[in-house]
Amino acid sequence: MVNKGFAKHYYLMMLPGLIWLFMFSVLPMFGIVIAFQDYNPVQGMLGSKFVGLDTFEYMFSLNDTASIFFNTIFIAVMKIVGNLIIPLIFALMLNELRHMFIKRSIQTIVYLPHFLSWVILGGILLDIFSYQGPVNQLLSAFGFDPVLFFGRADLFPFLVVGSDIWKEFGFNTIIYLAALTGINTALYEAAAIDGASRQRMLWHITLPGIRTTVILLAVLGLGNVLNAGFDQIFNLYNPLVYSTGDIIDTWVYRAGLLNMQYELATAVGLLKSVAGFILISLSYFLAYRFTNYRIF
Amino acid sequence: MKTTFKGAALAGMCLLFIVSGCSGGTNESASNESPSDKTSPSEPADPFGAYEEPITIRIGQVVDPTDTSLPEGDTPLDNQYTRSVKENLNIDVEHYFTAAPANYDQKVSLAIASNDLPDAMVVGAVEVRQMYESGQLEDLTEVYENYASPTIKQIIDGTGEIALGSATFDGKLMAIPNIQVQADGVHTLWIRQDWLDKLGLEPPQTVAALEEVARAFVEDDPDGNGQADTIGLSGPDTNGHLYATFLRSTNNSFGLDGIFSAYEAYPGYWLEDDNGDTVYGSILPETKEALAKLRDMYANGLIDKEMAVRSDASELVAGGKSGMFFGPWWMGYGAVADAIKDNPDANWQAYALPLNENGEYTPHLGTPTGTYLVVRKGYEHPEAAMKIVNNYLKEEPTFDESKGGLGMYPLRIIYSPLDTIEYSLKAIREVLAGNKTPEDYAGDEKYPLLVSDLETVKIVKKEPYDDMDIEHWDPEADMGIWSRIYSIMVGGAPLADTEYTGVYSQIYSQTSLMQQRWVNLQKMEDETFLKIIMGTEPLDTFDTFVEDWKSQGGTQITEEVAELATQ
């Protein structure tokens with residue numbers, strides 16, 4: 001009985017968060033009705049005429065719809081995989097370093113880009129990969145023709161994924177390093193006595209020790225798969241690469257805000273939410289299945 | 001239990017709506033009555049009259065954060081322009097929102113979407129229609145009738161029915177159209193004359209000659225720095241456009257308009273074909289031909305390799321890296337002015353070139369009206385916005401542009417007779433030649449800036465007066481005056497001195513079906529053409545584009561346009 005009263009306080013502490021969630025996540029949900037209306041700003045959501053599924057029919061007739069969904073998922077999945085594996089390898093390598101000063105220095109340097117905004121990094125990247133930029137100078141030094149990197153639709157998704165991994169891998173490494181410190185050192189000592197090599201220890205102790213962390217991060221990433229990174233793409237793209245670089249969020253921004261197609265933008269946004277809901281449910285189920293992670 | 005609660009809640013909500021509806025209604029009627037009392041019909045309406053009691057107008061305005069022209073102590077809300085409005089009209093200007101030039105349209109769209117509007121602002125044709133259909137606009141029929149200054153009426157009437165017609169819906173004038181000079185819609189070839197001279201070349205008469213010049217500019221090191229870092233012909237930047245279209249028909253800088261018109265291709269324009277039928281310029285064979293040439297030029301490195309990826313095309317001109325570009329007459333205000341600050345020898349000259357196969361210059365022409373002054377429905381003093389515009393035209397000659405650019409003027413929309421540039425140029429030449437004096441032109445209210453132009457021209461123009469090369473100018477004497485006079489005398493000369501046949505679009509506004517479909521058709525067109533020119537798609541993608549364009553609503557829209565054009 002005492003315990004129950006105790007728990008109530010904890011529930012009370014959730015209140016500010018719930019209010020926030022209600023105001024900024026639940027209330028805006030009513031905006032969804034715009035997708036089913038011939039939306040008129042003066043009459044608003046309450047007064048505009050309903051048109052049923054017309055907007056959705058038009059949406060599916062557009063070539064854009066399929067490609068933006070594909071782009072979003074393609075870019076996001078590559079980002080998740082890259083952001084999972086590269087920091088992991090890097091963390092394992094750092095872990096083998098015995099020199100603390102060097103280890104700390106490297107750690108600090110590689111996570112710095114995480115704190116720069118895409119507005120700044122976008123400008124830097126566009127310069128680096130420009131026609132006269134260092135990358136092209138390097139290429140021409142080796143006798144290759146210069147490439148207009150950010151004008152190539154076939155390269156754009158990879159540049160996006162690559163630059164995102166470059167920006168974030170240092171920060172993600174920290175999570176793995178934290179997980180690595182959680183492994184009982186007695187295991188390594190025992191293995192050493194048994195004559196195990198470094199490789200063996202990595203394979204049989206280190207990797208199994210952080211397995212749950214890796215799976216958890218992967219699964220949580222799945223729930224985020226439809227957010228492929230508005231800031232980044234918005235700062236890097238141009239009309240030449242819309243076909244492979246346009247993701248749902250950037251497309252909705254252009255259609256809705258710049259071109260005043262409110263209904264269409266809302267409809268696409270809604271479709272994104274539905275798909276996102278399914279993915280989050282799936283990842284929650286998988287997280288429970290593989291790592292026994294559950295909230296409720 | 002549950003149902004009663006629901007019922008009570010429903011009743012409560014209904015009550016709330018009724019009450020709020022009522023109170024809103026009474027407020028409005030009350031506020032509508034008070035100003036009509038003040039300006040009762042017995043009192044004559046005065047376009048320039050000051051209010052007895054100060055009134056407030058909240059506006060949306062472009063404020064360029066990089067603009068440092070305001071003198072110490074002045075702010076975007078307290079400068080020569082707002083003080084002029086306050087002193088002459090007793091109107092306090094407040095900002096409802098401000099936005100950087102690149103973001104203004106977005107801000108306006110957001111304001112319209114959320115129905116959270118300033119009392120007055122300046123918007124484009126598409127927004128006017130959208131706001132009219134949403135019932136957001138105040139009817140300005142009487143405001144225009146009673147408060148527009150005679151000069152403004154004269155200028156607007158100079159376009160016939162075009163300007164007022166474009167802002168009239170169901171017989172009511174819902175916005176005040178601007179009138180901009182014809183020259184804004186002609187995109188002439190600007191070229192580095194000093195580079196031409198250095199390499200012993202002539203201004204390119206034809207597209208083939210233009211290619212030769214571009215090749216020389218790229219390969220023969222015209223800037224003499226020993227590096228192959230120069231560009232033949234500039235192209236649009238990421239936010240730029242390949243060519244001006246019927247919806248944004250003026251002021252396209254760094255587009256490739258000149259090449260298209262040399263092939264008599266008018267993409268983005270509604271044209272009449274030989275049978276008198278309406279056709280869309282972008283799907284015609286001439287456009288494909290022009291695209292093929294541009295694709296060829298791009299592949300040969302004659303056009304800026306990084307066009308469409310660059311964030312700012314004017315940097316190339318300012319930095320002395322580019323040798324040619326297409327732009328309107330006023331480039332002396334923009335990139336060309338920056339170029340001369342950097343390098344006093346950058347001798348940018350403008351030509352009505354290249355010519356088409358028959359040796360004619362056939363540019364496309366813009367609409368005389370592109371922006372509109374709108375007033376929010378329910379604003380108590382709709383005439384205040386009109387008065388602010390009247391005041392602008394009257395006071396324009398007295399403003400000192402070095403103390404803050406004209407863009408700082410609240411609700412600035414432009415009223416220039418169509419021939420302003422050509423007329424001013426001829427007047428300046430007469431005065432420089434000594435045939436006439438500035439006084440001879442005094443008193444013509446249609447050209448408010450002309451007298452001061454004539455009086456100041458000799459500050460920046462050195463002898464000989466008929467040689468326009470940059471060494472016969474003195475920009476440092478006064479950059480503000482130089483920008484204007486150079487733009488008129490150099491940028492305007494090709495238009496005043498060339499016999500040209502301009503091509504108009506059949507319409508310059510949207511039809512109803514366009515509102516849903518046009519954005520995507522335009523997007524498809526922009527991307528396809530860009531990819532064809534830049535070589536990422538084969539030329540024959542054009543044919544697929546034409547098919548797609550027709551099937552995705554283009555055919556129906558063409559019918560609508562034809563109907564509108566024959567009215």
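Begin by selecting Ile421(B), Ser424(B), Leu425(B), Ile428(B) and Leu432(B), which lie in helix H15 of chain B, and then add Ile485(B), Ile488(B) and Met489(B) from H17(B), because these are the residues through which the two helices meet, with contact taken as heavy atoms within 4.5 Å. By class, this contact has seven nonpolar residues, one polar residue and no charged ones. As you look around, keep in mind that this is a predicted model.

Now show the two helices whole, residues 420–432 for H15(B) and residues 479–491 for H17(B), and turn the view until you can follow both axes, which lie 9 Å apart and make an angle of about 100°. Angles of 65 to 115 degrees count as roughly perpendicular, and H15(B) and H17(B) are therefore described as roughly perpendicular to each other. Two packed helices are described in general by the angle between their axes and by the distance between those axes.

Staying in chain B, move to the loop between helix H16 (450–460) and H17, where you will find Pro464(B). The peptide bond that joins Glu463(B) to Pro464(B) is cis, with an omega of about -5°. Another cis peptide bond can be seen by selecting Leu353(B) and Pro354(B), where omega is near -10°; Pro354(B) belongs to the loop between strand E12 (348–351) and strand E13 (371–375) of chain B.

Next, select Asn115(B), in the loop between helix H3 (104–113) and strand E3 (120–124) of chain B. Although Asn115(B) is not a glycine, its phi is positive, at about 50°.

For the next stop, change to chain A and go to the start of helix H10 (residues 185–193), where a side-chain oxygen of Asn184(A) comes to within 3.1 Å of the backbone nitrogen of Ala186(A). Follow the chain to the other end of the helix, and just after H10(A) you will come to Gly195(A), which has a positive phi of about 90°.

Finally, display both chains and look at where they touch, a contact that takes 32 residues from chain A and 31 residues from chain B. Together the chains bury about 2700 Å², of which 59% is on carbon and sulfur atoms.

Which residue of chain A forms a salt bridge with Lys523(B)? Select Asp64(A), and you will see that the closest N and O atoms of this pair are 3.1 Å apart. Across the interface of the two chains the rule finds one salt bridge, while the count of residue pairs in polar contact is eight.

On the chain A side, colour helix H5 (63–96), helix H14 (242–245), helix H15 (248–258) and helix H16 (262–291), each of which supplies at least two of the residues that touch chain B. The largest share, five residues, comes from H15(A). Colouring this side of chain A by class gives 20 nonpolar, nine polar and three charged residues.

Technical notes
Residues numbered from 1 in each chain as written. Chains lettered and ligands numbered in written order. Predicted model: local features only at pLDDT ≥ 70, side-chain atom pairs only at ≥ 80, totals over all residues. Heavy atoms only, no water. Buried area = accessible area lost by both parts, 1.4 Å probe. Salt bridge = Lys/Arg side-chain N within 4 Å of Asp/Glu carboxyl O. Polar contact = N/O pair within 3.5 Å; in protein donor to acceptor, adjacent residues only side chain to side chain. Helix = DSSP H or I, 4+ residues; strand = E, 2+ residues; numbered from the N terminus. Nonpolar A, V, L, I, M, F, W, Y, C, P; charged D, E, K, R; others polar. Axes fitted to C-alpha atoms, helices over the stretch in contact; angles between N-to-C directions. Parallel < 35°, antiparallel > 145°, perpendicular 65-115°, else oblique.
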